[in-house]
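Student: I have just opened this entry. Can we go through it together, one question at a time?

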Amino acid sequence: YNKNKDATLVRWPVVGELPSIFKNAHRVHDWCVELANEVGCTIVTKAFFFRIIYTCDARNVEYIYKTNFPNFPKGKHYNDAFDVVAEGIFNTESEHWHAQRKLANLTFMSKEFRSLSAKVAQQLVQDSLFPLLDSNAVEEGSILDFEDVFARFTFDSVSTVLFGTNPRTLSLTSSSNHHHPLAKALDNVTEVIFYRHVMPATWWKICRILMIGKEKEMIESLKVVDNHMTNYIATKREEILKGIVQQHDVLGLYMTSKELQENELIPKGDKFLKDTAMSFLFAGRDSTAATLAWFFWLMTKNPKAEAKILEELKLLYNAKLRNNKVEHNYVFSYDTLKGLVYLHAAICEALRMYPPLPVNHRGVDKYDILPDGTRVKPGMMILISLYAMGRIEGVWGKDCLEYKPERWIDGENGKLSTIQLSKLFSFNIGPRNCIGREMAFTQLKVIIAAVIFNFHVEAVEGQVVLPKPSVALHMQNGFKVRIKKRLNFN
Ligand code: HEM
């Protein structure tokens, strides 16, 4: 046992590492980095009879996600905590997951869906984000919480892409829209899911039976979510019957899918559609919003990187688009942004330092040995810190805590470095990687380019911006900014 009580990790008889875990719970992600740099990349923790493996060793992670993927399902702990989307893609395994993944791939990779996701981002920037930023830029002393702005933006964009309906929570006119009942209910559900991860399973399950505490909130929030999903599905069904579906949103594509009708492994009925829609809302909203908030925070800390992005955008604007004629509030289309190297590198660098889903879970099916020699057995829980993986000195170098988009660019040919790109784990790797990656990059590039080209974002001085312990990497106190309009590219 480590007798030094100030050590990064202290092992006690019987309770094992539990006291250290409680002591560091409020700063769990940075503690994972310290563990990796000071104790080791893989730690087997032992409390009572329960064992958890914590790892951020890339060799282990590759083995778990790719090489021996079938042996590492999500696991019972995860399946229980996410029982609210029991039939959705997040919570299925083996051949049932395969069938759903195929259906999701057909949808997300379709040309229609990709063009919809780009169109929706561009439209929302023009109709909702620009008016909000403009009004803040002219109002002296006005302060915006950028984290909240992006949470609202991505709720609107993901809802439009999923259901074909824009809830307009980013609208300037109605402040009550900021607290859309579905957005609020989803926030509550995510919070309870996080709570389920940190409380002993027997405790929260008893609370669920007794309908008390956080579990009571969960039941109430789920009713709100269910009502919204029922309405979205009913409306879509009517549109399909009347033949008036105008765009290729996910719900419409699923409800008219031949694959869904013919594949026996995919559940039929509204419960599946609801769980699927809720999983996609969870997956798409918070992750993209968190990336944007951290990205702009990094921009305020790294003006040189911001200047380089602006330079790249100016070149694009002048060379291909407008020949020096500056247009008011210009939105770049995704097609024109696709090839920009520095913009892509800047986003990868933000995702490395602030992966929006910082921790991942896996269970163990059969006895196995991980590449670093760690033995695992059935029923164990493996926790993978994607946050620590992006900050290990041995992998990223001594400057690993610095924001440097240049590290993603090959110094010889000026292109994105494939070696570096293979080290980005923020979307996971292997067969169960993020299906919304392309959609996320599309939205990120359109929004970032539009904001940087037309506005300058300043962080309100004196605020402390830190990650919050939660399922998605939110900020503890939001991110307060002042907006300035750029005039003539200055
Ligand atoms: C910056 C944005 C995003 C990041 C960093 C991200 C990251 C991830 C990660 C780490 C996983 C693996 C989770 C696990 O295995 O436990 C995942 C899975 C998934 N993501 Fe994303 N995601 C992002 C955006 C999106 C968007 C916009 C969508 C679509 C609306 C989406 C849909 C999904 C789905 C459906 C899965 C489950 C895939 C499966 O289990 O086969 N994601 N994402």
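**Questions on a predicted model**

Tutor: Start with Arg168 in this predicted model. Arg168 has 19 C-beta neighbours inside 10 Å, so this residue counts as partly exposed.

Student: Where is Arg168 placed?

Tutor: Look along the chain for two helices. One is helix H7 (146–163) and the other is helix H8 (181–198). Arg168 sits in the loop between H7 and H8.

Student: What is the phi of Arg168?

Tutor: Most residues other than glycine have a negative phi. Arg168 is not glycine, yet its phi is positive. The value is near 55°.

Student: Is Asn428 buried, exposed or partly exposed?

Tutor: Asn428 lies in the loop between helix H19 (418–421) and helix H20 (437–454). Its phi is also positive, near 65°. Now count neighbours: a buried residue needs 20 or more, and an exposed one has 12 or fewer. Asn428 has 18 C-beta neighbours inside 10 Å, so Asn428 is partly exposed.

Student: Which element gives the most residues to the shell around the ligand?

Tutor: The shell holds 24 residues, and the closest are Ala283, Gly284, Ser287, Cys434 and Gly436. Two or more residues come from each of helix H5 (94–108), helix H13 (270–301) and H20. With seven residues, the top contributor is H13.

Student: How many residues of that shell are charged?

Tutor: Sort the shell by residue type. Nonpolar residues number 13, and polar ones nine. The charged residues number two.

Student: Which element has the largest share of the largest nonpolar core?

Tutor: That core has 99 residues. Leu162, Ala277, Ala293, Val446, Ile447 and Ala449 touch the most other members. One element supplies 16 residues of this core, the largest share, and that element is H13.

Student: How many residues are in the second core?

Tutor: This core is separate from the largest one. Among its members are Val33, Val61, Tyr63 and Phe72. Its size is 25 residues.

Student: Which residues does Val446 touch?

Tutor: Val446 is in the largest nonpolar core. Leave out residues up to four places away in sequence. The contacts that remain are Ala118, Ala121, Gln122, Val125, Phe332, Tyr334 and Leu337.

Student: What ipTM does the predictor give the complex?

Tutor: Take the protein before the complex. The protein averages a pLDDT of 90, and 94% of the residues score at least 70. Where pLDDT is low, the predicted coordinates should not be read in detail. For the complex, the pTM is 0.93 and the ipTM is 0.98.

Note on methods
Residues numbered from 1 in each chain as written. Predicted model: local features only at pLDDT ≥ 70, side-chain atom pairs only at ≥ 80, totals over all residues. Helix = DSSP H or I, 4+ residues; strand = E, 2+ residues; numbered from the N terminus. Near = placed C-beta within 6 Å. Nonpolar A, V, L, I, M, F, W, Y, C, P; charged D, E, K, R; others polar. Core = buried A, V, L, I, M, F, W, Y, C linked by C-beta atoms within 7 Å. Contact = placed C-beta atoms within 7 Å. pLDDT = per-residue confidence, 0-100.
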